[in-house]
Protein chains: 2
Amino acid sequence: MPGNKVHTIADLVRDFGVTARTIRFYEAEGMLTPERQGQQRLYHPRDRVRLKLILRGKRLGFTLAEIREIIDLYHAAPGELGQLQYFLDKIQERRADLEQKRKDIELTLKELEEVDRTCRQHLLELARPGSKEAAE
Amino acid sequence: MPGNKVHTIADLVRDFGVTARTIRFYEAEGMLTPERQGQQRLYHPRDRVRLKLILRGKRLGFTLAEIREIIDLYHAAPGELGQLQYFLDKIQERRADLEQKRKDIELTLKELEEVDRTCRQHLLELARPGSKEAAE
DNA sequence: TTAGAAATTGACGTTTACGTAAACGTTAAC
DNA sequence: GTTAACGTTTACGTAAACGTCAATTTCTAA
């Protein structure tokens with residue numbers, strides 16, 4: 001039920017599969033800013049969105065510093081022209097990075113599919129009883 | 001000229017953009033096994049291939065332990081049937097992981113493209129002098 | 001109201017993946 | 001024949017990203 005209510009830290013732990021320590025750590029790093037009700041933290045939908053972005057970045061091997069940069073790109077609306085150009089450059093950097101990762105993934109997947117085929121072939125040969133060293 | 005000659009560590013440093021410390025570290029971790037000529041290391045094409053695989057894995061955010069597993073998948077030819085099934089499972093795990101990363105990349109790329117468009121739109125508006133707050 | 005569950009706050013510990021520095025051995029050039 | 005340049009070994013250092021207590025507070029259900 002992550003509709004649009006506020007959530008406790010335990011909710012996030014359950015929903016995202018991370019520890020409370022991790023969530024507080026991200027906050028200490030300035031990447032989450034939950035509301036405070038007395039001592040307790042209250043997480044709004046925007047916090048959930050941010051956490052989701054952080055975890056996605058982690059899965060892709062970005063450091064927290066890089067993830068912070070990426071998220072900043074999302075929410076920044078710079079006024080001046082110089083800033084805008086700088087931003088566009090940053091965006092291109094990140095895009096190039098992601099394209100490289102995509103290529104790396106395609107290559108690795110292809111290789112793994114090849115290994116997979118070879119394995120299944122072996123399996124088939126093992127399953128065929130009357131075919132011992134046919135090609136030797 | 002990485003044709004099929006042997007190379008010194010300095011060659012790898014130059015060709016792959018990593019430090020000698022890193023290369024020796026990977027060897028200490030058992031991920032590279034260069035020939036020894038006296039005290040010096042000599043790197044063969046297979047070492048270059050492995051290093052390339054390691055670096056590709058790093059770009060994708062895999063730990064060295066995971067990369068080791070993946071590379072092991074490449075070169076393993078297990079005999080028994082139980083081993084084969086275990087292998088196929090491992091391969092599926094890795095593939096699922098890579099597919100997840102691919103999805104993450106697609107999402108992030110789409111979002112960045114959106115930010116890019118918005119930025120360029122801003123730029124256009126700034127470049128148009130006689131259009132101050134038209135939609136206000 | 002009291003025991004237990006959940007949350008918070010330090011504070012120190014740990015793992016990964018190297019960096020950095022010191023001390024030493026080889027070899028090629030001058 | 002010595003001085004760079006390159007390579008090696010050993011060992012301690014470090015940044016990132018949390019883990020793991022311990023002590024305390026806060027909330028909640030019986």
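**Cavities and the DNA strand C surface**

Visitor: Let's start inside. What's the volume of the second largest cavity?

Guide: About 80 Å³ for the second largest cavity. Keep in mind that this is a predicted model.

Visitor: Which residues line the second largest cavity?

Guide: From chain A you get A:T108 and A:E111, and from chain B there are B:L53, B:R56, B:G57, B:L60, B:F62, B:I67, B:I70, B:I71 and B:Y74. The elements giving two or more residues to that lining are α5 (81–127) of chain A plus α3 (45–59) and α4 (64–75) of chain B.

Visitor: And which element gives the most there?

Guide: That's α4(B), with four residues. By class, the lining of this second largest cavity splits into seven nonpolar, two polar and two charged residues.

Visitor: How many cavities of 30 Å³ or more turn up in the whole structure?

Guide: The search finds two. The largest has a volume of about 90 Å³.

Visitor: OK, what lines the largest cavity?

Guide: Here chain A supplies A:L53, A:R56, A:G57, A:L60, A:F62, A:I67, A:I70, A:I71 and A:Y74, while chain B adds B:T108 and B:E111. Two or more residues each come from α3 (45–59) and α4 (64–75) of chain A and from α5 (81–127) of chain B. The largest share, four residues, is from α4(A).

Visitor: What's the class breakdown for the lining of the largest cavity?

Guide: Seven nonpolar, two polar and two charged residues.

Visitor: Switching to the DNA. Which residues come nearest to strand C?

Guide: There are 17 residues around DNA strand C, and A:T8, A:R41, B:T19, B:Y26 and B:L64 come nearest. Of the strand C atoms that come within 4 Å of the protein, sugar and phosphate account for 71%.

Visitor: Where does the side chain of B:R21 find an oxygen on strand C?

Guide: On a base: an N or O atom in the B:R21 side chain is 3.0 Å from a base oxygen. Phosphate oxygens come up too, with one 2.9 Å from an N or O atom in the side chain of B:K58 and one 3.2 Å from an N or O atom in the side chain of A:R24.

Visitor: Which elements give two or more residues to that surface?

Guide: In chain A they are α1 (9–16), α2 (20–28) and β2 (40–42), and in chain B it's α2 (20–28). The largest share, four residues, comes from α2(B).

Visitor: And how does the surface near strand C divide by class?

Guide: Five residues are nonpolar, six polar and six charged.

Key
Residues numbered from 1 in each chain as written. Chains lettered and ligands numbered in written order. Predicted model: local features only at pLDDT ≥ 70, side-chain atom pairs only at ≥ 80, totals over all residues. Heavy atoms only, no water. Near = heavy atom within 4 Å. Polar contact = N/O pair within 3.5 Å; in protein donor to acceptor, adjacent residues only side chain to side chain. Nonpolar A, V, L, I, M, F, W, Y, C, P; charged D, E, K, R; others polar. 1 Å grid on protein atoms, 1.4 Å probe; cavity = no way out; pocket = protein on both sides within 12 Å on 5 of 7 lines; lining within 4 Å. Points joined across faces, edges and corners; volume = space filled by probe spheres on them.
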